[in-house]
Amino acid sequence: MRTRRLAVAAFVAVTFAVMAPAMGQKDALTTRQSDALAAYERALVGFKSILAERRGQIEAKQPLPNLPGQAIYLARVAVISTYKDLTDAMPSRIGRPNKFEIPPAYFDADIEPLIDEYGRLFDLMEAPPAGAQASATPFKDVVDLAVAIARANGLAPVHAEAAGRISLGLFFAETNGKQNVRNGRSNTYMGSLQTGPSEDRNGHRKWEAIKPAIAAADPELNARDDKEEARARGTDHRFNHWTAVRDGLMNAHAELFAEIPVIVKTLPDPIDQMKLFELIQIIPTPTRSALKSGNLLDYRVSSPTIMKHLRNNSIFAFGQADRSRTSASFREILGAMWLFNRKFERALAKYVEFKGR
């Protein structure tokens, strides 16, 4: 009995000795660490709450608020931001890698299920409207249109194929590779390439200007275009996948296809090429200026408006250190686009898959 009591006493002593430093460490948090931890816990509670609220509204078939995705988007930003602030204050909180390929300093892999739910809710909120005109070959359409546009602009076949691959990346960046989607955070930008009405009209005008060259070079693609144009007549062209992609590419990207030989030389990584063209969507004027500068990667932007546009698109958007930046080079911007990596990797895999077939 005495031996058992001694053993119990020894176990208690060892347990206390192990626990004491941990307890002491918690008690010894600095004000910055305590504030960061509390902010993250509040953000996490808020994220869970808005996810549950939106799920309940959808399942009960209740009317959703205007821009129903905005609140859950901002809640997700808050979670990532406050976690980055927490790991800046307590590097020991940086955990294991996560399936979304978010840098572990920004994201706790334990909350992966919450991001899965976030994605499912956006799928429901952004489902195509009734009457949207889908394509049976949405990925091939993107590549075929981009290649045809590039060839009409005088690119060699190898660079035209790069235009197709890059454009497929844009499709995934804008919609996760889903056609004819709406937008839970905007009443303006819609469809397979998320364009506004004026952008769609502008792209359509530019397409009409090169259509004779397209018809001469690729009669089969031109015949498909005639068919889709007739199908979309009288409707919003952004909800016909073919016309939405065609007009979206012509509006913002086609004129830069001529720069692809230089771009692929400067940025040999296909993912970086996709990132650069996505920046044409986000900050078009500085991106064009950077391309013309002759020193793309070191070209620097410092306009508060441009930095705001980057943050609104998940670049330098998370945590006080990133959000306090007042300028960035294109090398730094490309590096900060880690939230796009998974989308572009999926696009590249899809491109390789159907090209192989």
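# A guided tour of a predicted model

Start with the whole protein in view and switch on its surface: the accessible area comes to about 17500 Å², and 56% of it belongs to carbon and sulfur atoms. Keep in mind as you go that this is a predicted model.

**The overall view**

Now change to a cartoon display. You should find 16 helices and two strands. Turn the model along its principal axes, and the C-alpha atoms fill a box of roughly 100 × 55 × 40 Å. The protein has 357 residues, and 47% of them count as buried. If you look at contacts with a separation of 6 or more, 69% of them are between residues 24 or more positions apart.

Next, colour by charge. There are 48 positive and 40 negative charges, and the mean positions of the two groups are 4 Å apart.

**Into the cores**

In soluble globular proteins, nonpolar side chains tend to be buried together. To see this here, select Leu 168, Phe 257, Leu 279, Leu 310, Ile 315, Phe 330 and Ile 333. They belong to the largest nonpolar core, which has 63 residues, and they are the ones that touch the most other members. Then highlight helix α6, residues 157-175: its nine residues are the largest share of this core.

Stay for a moment with Phe 257 and show its surroundings. Setting aside residues up to four places away in sequence, Phe 257 touches Ala 146, Ile 149, Ala 150, Leu 155, Ala 163, Ser 167 and Phe 277. Another core, of 34 residues, lies apart from the largest one; to find it, select Tyr 73, Met 90, Phe 107 and Phe 318, which are among its members.

**A lysine in helix α7**

Move on to helix α7, residues 197-217, and pick out Lys 211. Is Lys 211 buried or exposed? Its relative accessibility is 14%, below the 20% cut-off, so Lys 211 counts as buried. Show the side chain of Asn 222 as well, and you can draw a polar contact of 2.6 Å between it and the side chain of Lys 211. Leaving out neighbours within four places in sequence, Lys 211 is in contact with Asn 222, Asp 225 and Asp 226.

**A phenylalanine in a loop**

Now follow the chain to the loop between α8 (219-232) and α9 (241-252), where Phe 239 sits. Phe 239 has a relative accessible area of 15%, so this loop residue is buried. Which residues is Phe 239 in contact with, leaving aside its neighbours within four places in sequence? Select Pro 129, Ala 132, Gln 133, Asn 180, Val 181, Arg 182, Met 190 and Gly 191 to see them. For a sense of distance, select Val 301 too: Phe 239 and Val 301 are 62 residues apart along the chain, and their C-alpha atoms are separated by 35 Å.

**Two positive phi angles**

Finish with a pair of backbone details. Select Leu 67, in the loop between α2 (31-59) and α3 (68-89). Leu 67 is not a glycine, yet it has a positive phi of about 50°. With a relative accessible area of 26%, Leu 67 is partly exposed.

The last stop is Gln 194, in the loop between α6 and α7. Gln 194 is not a glycine either, and its phi is positive at about 50°. Is Gln 194 buried or exposed? Its relative accessible area is 9%, so Gln 194 is buried.

Terms used: Residues are numbered from 1 along each chain as its sequence is written. This is a predicted model: local features need pLDDT of at least 70, side-chain atom pairs count only at pLDDT 80 or more; totals for chains, interfaces and linings use all residues. Side-chain values use heavy atoms; hydrogens and water are left out. Helices (H or I, at least four residues) and strands (E, at least two) are DSSP runs, numbered from the N terminus. Buried means under 20% relative accessible area, exposed over 50%, partly exposed in between (1.4 Å probe, protein chains only). Contact means heavy atoms within 4.5 Å. Accessible areas come from the Shrake-Rupley method with a 1.4 Å probe; for residues, only the protein chains shown count as cover. Lys and Arg count as positive and Asp and Glu as negative; His and the chain ends are not counted. The place of a charge is taken as NZ of Lys, CZ of Arg, CG of Asp or CD of Glu. A nonpolar core is a set of buried Ala, Val, Leu, Ile, Met, Phe, Trp, Tyr and Cys residues joined through side-chain atoms within 4.5 Å. A polar contact is a pair of N or O atoms within 3.5 Å; within protein, one must be able to donate a hydrogen and the other to accept it, and residues adjacent in sequence count only if both atoms are side-chain atoms.
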